[in-house]
Amino acid sequence: MITAIVLIKTSVDRIPEIAEAIAALDSVSEVFSVTGTYDLIAMVRVARHEDLAEVIPGRISKIPGVEATDTHVAFRTYSQHDLEAAFAIGLDA
């Protein structure tokens, strides 16, 4: 599974509607409304790198009100569950 973090600039008067439209897309697992330079952050999960082109420029960027995207592809994913398991290696429960 390939994870991409997509930073999104939008029309500020339509942030909730744009966020809902993005969240409804297949391969988008979460959309966060955030402060700072970008208005939204979307987490995109796909099986193949080629699928990113279909989802990000092919769908997200075409939603009315999306002005720009900046995509970051994750090399590796860490979660609290993974960290707890790593620290527990060799310990008797």
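Here is a walk through the β2–β3 hairpin and the charged side chains of this structure, which is a predicted model.

Let's start with the hairpin. Strand β2 covers residues 28-33 and strand β3 covers residues 40-46; the two run antiparallel and are joined by 5 bridges. If you want one pairing to orient yourself, take phenylalanine 32, whose bridge partner in β3 is isoleucine 41. Between the strands sit 6 residues, and glycine 36 in the turn has a positive phi of about 110°.

Stay with that loop between β2 and β3, since aspartate 39 is found there. Which side chain of opposite charge is nearest to aspartate 39? That would be lysine 9, but at 7.7 Å away, and aspartate 39 has no salt bridge even though it is buried. A salt bridge would need a nitrogen and a carboxyl oxygen within 4 Å. What aspartate 39 does have is a backbone neighbour: a polar atom of its side chain lies 2.8 Å from the backbone nitrogen of threonine 10.

And lysine 9 itself? Its charged end sits over the ring of tyrosine 38, 5.5 Å from the ring centre. As for rings pairing with rings, the structure holds 0 aromatic pairs.

Now for the charges that do pair up. Side chains of opposite charge can pair when their charged atoms come close. The structure holds 4 salt bridges. One of them takes us back to the hairpin, where glutamate 30 pairs with arginine 45, with the closest N and O atoms 3.3 Å apart. This pair links distant parts of the chain, with glutamate 30 in strand β2 and arginine 45 in strand β3, 15 residues apart. Are these two buried or partly exposed? Glutamate 30 counts as partly exposed because its relative accessibility is 32%, and arginine 45 is also partly exposed, at 30%.

Further along, arginine 59 forms a salt bridge with glutamate 54, and here the closest N and O atoms are 2.5 Å apart. Arginine 59 is partly exposed, with a relative accessible area of 28%, and glutamate 54 is partly exposed too, at 44%. Elsewhere, salt bridges that share partners tie Arg48, Glu50 and Asp51 into one network. Within it, aspartate 51 and arginine 48 bring their closest N and O atoms to 3.0 Å. Aspartate 51 counts as buried because its relative accessibility is 17%, whereas arginine 48, at 47%, is partly exposed.

So there are two buried aspartates to look at in this model: aspartate 39 without a salt bridge, and aspartate 51 with one to arginine 48.

Conventions:
Residues are numbered from 1 along each chain as its sequence is written. This is a predicted model: local features need pLDDT of at least 70, side-chain atom pairs count only at pLDDT 80 or more; totals for chains, interfaces and linings use all residues. Side-chain values use heavy atoms; hydrogens and water are left out. Rings of Phe, Tyr and Trp (its six-membered ring) pair if their centres lie within 6.5 Å; planes under 30 degrees apart count as stacked, over 60 as edge-to-face and the rest as tilted. A charge sits over a ring if NZ of Lys or CZ of Arg is within 6 Å of the ring centre and within 35 degrees of the ring normal. Two strands pair if DSSP finds at least two bridges between them. Helices (H or I, at least four residues) and strands (E, at least two) are DSSP runs, numbered from the N terminus. Buried means under 20% relative accessible area, exposed over 50%, partly exposed in between (1.4 Å probe, protein chains only). Lys and Arg count as positive and Asp and Glu as negative; His and the chain ends are not counted. A polar contact is a pair of N or O atoms within 3.5 Å; within protein, one must be able to donate a hydrogen and the other to accept it, and residues adjacent in sequence count only if both atoms are side-chain atoms.
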